[in-house]
Structure formats: C-alpha cells, structure tokens
Amino acid sequence: MKKKHNLGQEAIYDARTLGTPRMLVLGLQHLFAMFGATVLVPILVSGYGLPLSIQTTLLMAGLGTLIFHVCTKFKVPAFLGSSFAYLGGFEAVANLDAGKYAAMSGEEKLAYALGGIVVAGLLYLVLALLFKLIGAKKVMRYFPPIVTGPMIIMIGLNLAGTAISNAATCWWLAIVAMVIIVVANIWGKGMVKIIPILLGVVGAYIVALIAGKVDFSAVHTADFVGLQKFVFAKFDLTSILVMAPIAIAAMMEHIGDVSAISSTTGKNFIEDPGLHRTLVGDGLATAIAGFFGGPANTTYGENTGVLALSRVYDPRVIRLAAIYAIILSFSPKFDALVNSIPTAIVGGVSFILYGMISAVGVRNVVENKVDLTKSRNLIIAAVMFVSGLGFNAVGGITFTVGNAAITLTGLAIAALAGVILNAILPGNDYEFGSSVAGDKSADLGSY
C-alpha cells in the first residue's frame, strides 16, 4: 500500500509516491514560478531594439533545464530560465555604433550579442575545469564579493534609464504594475510571494485591457502552432568583450543558487554531484541557447522558492516544467499575446527589477561581511564604480587592432579592473564556503 503524503509538511524526494495527477500539477506550479521572469527577458531585450524571440527563449529554457539535469546525473532539482545578469550586455550591444556596428540593424546586432553569450557559457566550462583541478577555494579568491558585488550593482544601475523611459509611456499603468509586485512580495503568502513579477504583469495587463490600452491585432493574425524563430550566433571581439565579463556575476549567481537549493533540500549538491558538474550544465545550456537565438540561462531562485513551499524535492517535477515550457514554445499566438503587453507595464516591472538587481549586489557585499574600512576594498569598489558607470556614459573605449575596431563597454572595463586590482593588491582574505548566507546572496532570483 502506498504511503500518503501531505504536501508542504514532510520532505518528498520521490514525487511518484504522490501519483501522476499531483506530479503534473506540481510541474505546472514550477512553470508558473519561472514564467514571468523568463519571458520578461526577451520582452526587455526587444525593447532595446534586439528582436529576441519569446518562443525560442521558452524552448531554450526547457531544453537547457533538461541538459542541466543530464550533466548533474538527474540529482539537482533546478530549473534554468532566462538570466537577468546579461540585460546590461544586450543593451550595450544595442547601443554600439562604432566600426561595423554603425550600419547594423537590431537583428544583425542580436546575432553578435548571442555570440558573446556562447563565449560566456563556455567560460563556465573553464571555471568548472579549474574547480575540478585546483579546487573552488583557490579559484574563488580571484572573484571575491568585493569584485562580484559592484558588478551586480552596476548591471542594475546601467539599466535604470531604460526603466524610466518605458514607464514614462504611461506612468499610471507602470505604477499599477509596481504596486502589485510590492504587495505580492511584501504581504503575499505561499505561491503569491514567489511569483510577484508574473502577478504584476498579469494584474496590470488586465487593468490595461479594461482601459483599452492593449493592441490585439498581432494576436488575431498569429497561428496557434508554429516553429520558433532561430537566430544563429555570430562572433566578433567587441560583442564578446561586452558579454563575456558578465559571466563573472552570472557564475556567482549560479554558485549562490546551488547553495540555496542545497540548504532548501537538505542535500549538499556542492559536493555531490559537485559544483563542477552544475557549472558544466549551466554553461552548456547557456552556450547552446546563445548559439540558436535564446538568452543566457541561469538556475532560478523562484523555483527554489517553490521547492521550499511544496517540500517536494524530486527533480522529475522540474523536468515536467521543462517539457511544459518546450510545448508552449511551439505557439506563435502565445508569443504574440505576451508581446501585446504595453511598454508601460514592462517599465513598471523593470523599475523594480533593475533596482532589485543592484540591491542584490549590495546584499552580496553586506552578507559576506566585506570590510570597507580596508583601503584595498574601497579602492577596488571605487575604481569599478567609476569605470562601469563613467565609461558607460561616454560609450566605452574604442580602439583598433589591425583593421578591426574593438569597443570595451563600461561593465567590461569594470570587470577587468576589479579582477586585476583584487589579484595585485595585498590583503585578500576572502575564503569561499565560509558563509552559507554569503554564498547565497548573489542569487538574482531570490527577491
């Protein structure tokens, strides 16, 4: 006789004991948790002028999750959705106007941005190899919170202007979206607290419908079933140097997520299957997504929240959500429906989101107890902030190598400056793994 389980009361590591119907519903819950943030990334990137497809994004999230599960021996209950960390990189590529980028359309620039994401994904594999060969503690000394924290802070701050310009298209509608997100996040209970972005978008969309501010023309003409729009990555040193340094912040987010999933489920995934395997899974998923026209993937804090809520820790349930995402990706009508969301709602959501990204960077510095009375730490942070924000304001640095014009964006310069200064200035006392809260604090999905 099968043992009956009460959801949310006792830990369940094999969801098959719940029966197929409940498993299917639990998978749907994980789909809802990831959905708002995952489709928001292509909406935002399209707003920068780069036509990133929602269908392709959902397909790559689903496939990326399955690839991750294969790489981690089907042990880690993680969902891979679109990464917010690379938003600043997409915007920087969209704004490139030197050399060959001056005459490019948004679609052409997108292909080069995706090439940068492929290289960023491959950097995960390099880090995984270093972890395996020389150990995480030695490698992580070069990426302490005094470097990764300011990087995350600047990703959010560099995007702030876009949030304002989008929200300004209809301030009252943007404020409706913001209020719903704040209420759900602060006063929400259970699942409501885990999906504030989705609730903010859906709630404000309903208000926009009533107010007659939604254009349905594209939804009416779109097919119910159709293939995804693939954009194949192209490679250029400028776009690679825009995107690749963001991998530093994204990899810290990954490590934070794996730490969070470990503490939630009571299993040490950092040891078994090991951070090297989880990094390989995330890196391959990101590289493959970038190559075929999707954004970078990352392990999702929202889905870790669902694990904590349901206490069902079986990775099979996450794989069901991945299959649902793949099925949804075959609907152009669904893509058109999501694209009908008014710009002001996107502005209201990103108003909070971009600020949250910066706040996560601050939390990363605080929870790792970075000593800002030390001159070395102050100097690293100071140089990174001025480089990241200052060079971004003047369009970065453009120089010529041979016949090729190469542009370094503010974020790329800040990342290089931070890593180099941290390596050469004496007094680096950061030790990876000494604080569970500190390791988790770089997780952009844990708001």
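**Notebook: strands, rings and cysteines**

I began at the hairpin and found that Phe-399 stands opposite Ile-406 in strand 4. Strand 3 covers residues 397-401 and strand 4 covers residues 404-408. The two run antiparallel, and I count five bridges joining them. Two residues lie between the strands of this hairpin. I looked up phi there: Gly-402 has a positive value, near 65°.

Next, a check on confidence. I am working from a predicted model. The protein chain has a mean pLDDT of 91, and 97% of its residues reach 70 or more. Which elements mark the two ends of the confidence range? Helix 20 (residues 436-440) has the lowest mean pLDDT, 74, and helix 2 (residues 54-71) has the highest, 98. I note for later reading that predicted coordinates should not be read in detail where pLDDT is low.

I then turned to the aromatic rings. My search of the whole structure gave eight aromatic pairs. One aromatic cluster is formed by four phenylalanines: Phe-230, Phe-232, Phe-291 and Phe-292. I also looked for a charge over a ring and recorded Lys-333, whose charged end sits over the ring of Phe-224. The distance from that charged end to the ring centre is 4.9 Å.

Cysteines came next. How many disulfides does the structure hold? I found zero. I looked up the accessibility of two cysteines. Cys-71 has a relative accessible area of 14%, which is under the 20% limit, so I list Cys-71 as buried. Cys-170 comes out at 11%, and therefore is buried by the same limit of 20%.

I moved on to Thr-299, which belongs to strand 2 (residues 297-299). Is Thr-299 buried or exposed? Its relative accessible area is 1%, so I entered Thr-299 as buried. I then checked the partner of its side chain: Thr-299 makes a polar contact with the side chain of Asp-257, at 3.0 Å.

The last residue I looked up was Gly-390. Where in the fold is Gly-390 found? It is in helix 18, which spans residues 375-393. Its relative accessibility is 32%, which lies between the limits of 20% and 50%, so Gly-390 counts as partly exposed. I also took the distance from Gly-390 to Gly-410: 6.9 Å from C-alpha to C-alpha, with 20 residues of sequence separation.

Definitions and conventions
Residues are numbered from 1 along each chain as its sequence is written. This is a predicted model: local features need pLDDT of at least 70, side-chain atom pairs count only at pLDDT 80 or more; totals for chains, interfaces and linings use all residues. Side-chain values use heavy atoms; hydrogens and water are left out. pLDDT is the predictor's confidence in each residue, from 0 to 100. Helices (H or I, at least four residues) and strands (E, at least two) are DSSP runs, numbered from the N terminus. Rings of Phe, Tyr and Trp (its six-membered ring) pair if their centres lie within 6.5 Å; planes under 30 degrees apart count as stacked, over 60 as edge-to-face and the rest as tilted. A charge sits over a ring if NZ of Lys or CZ of Arg is within 6 Å of the ring centre and within 35 degrees of the ring normal. A disulfide is a pair of cysteine sulfur atoms within 2.5 Å. Buried means under 20% relative accessible area, exposed over 50%, partly exposed in between (1.4 Å probe, protein chains only). Two strands pair if DSSP finds at least two bridges between them. A polar contact is a pair of N or O atoms within 3.5 Å; within protein, one must be able to donate a hydrogen and the other to accept it, and residues adjacent in sequence count only if both atoms are side-chain atoms.
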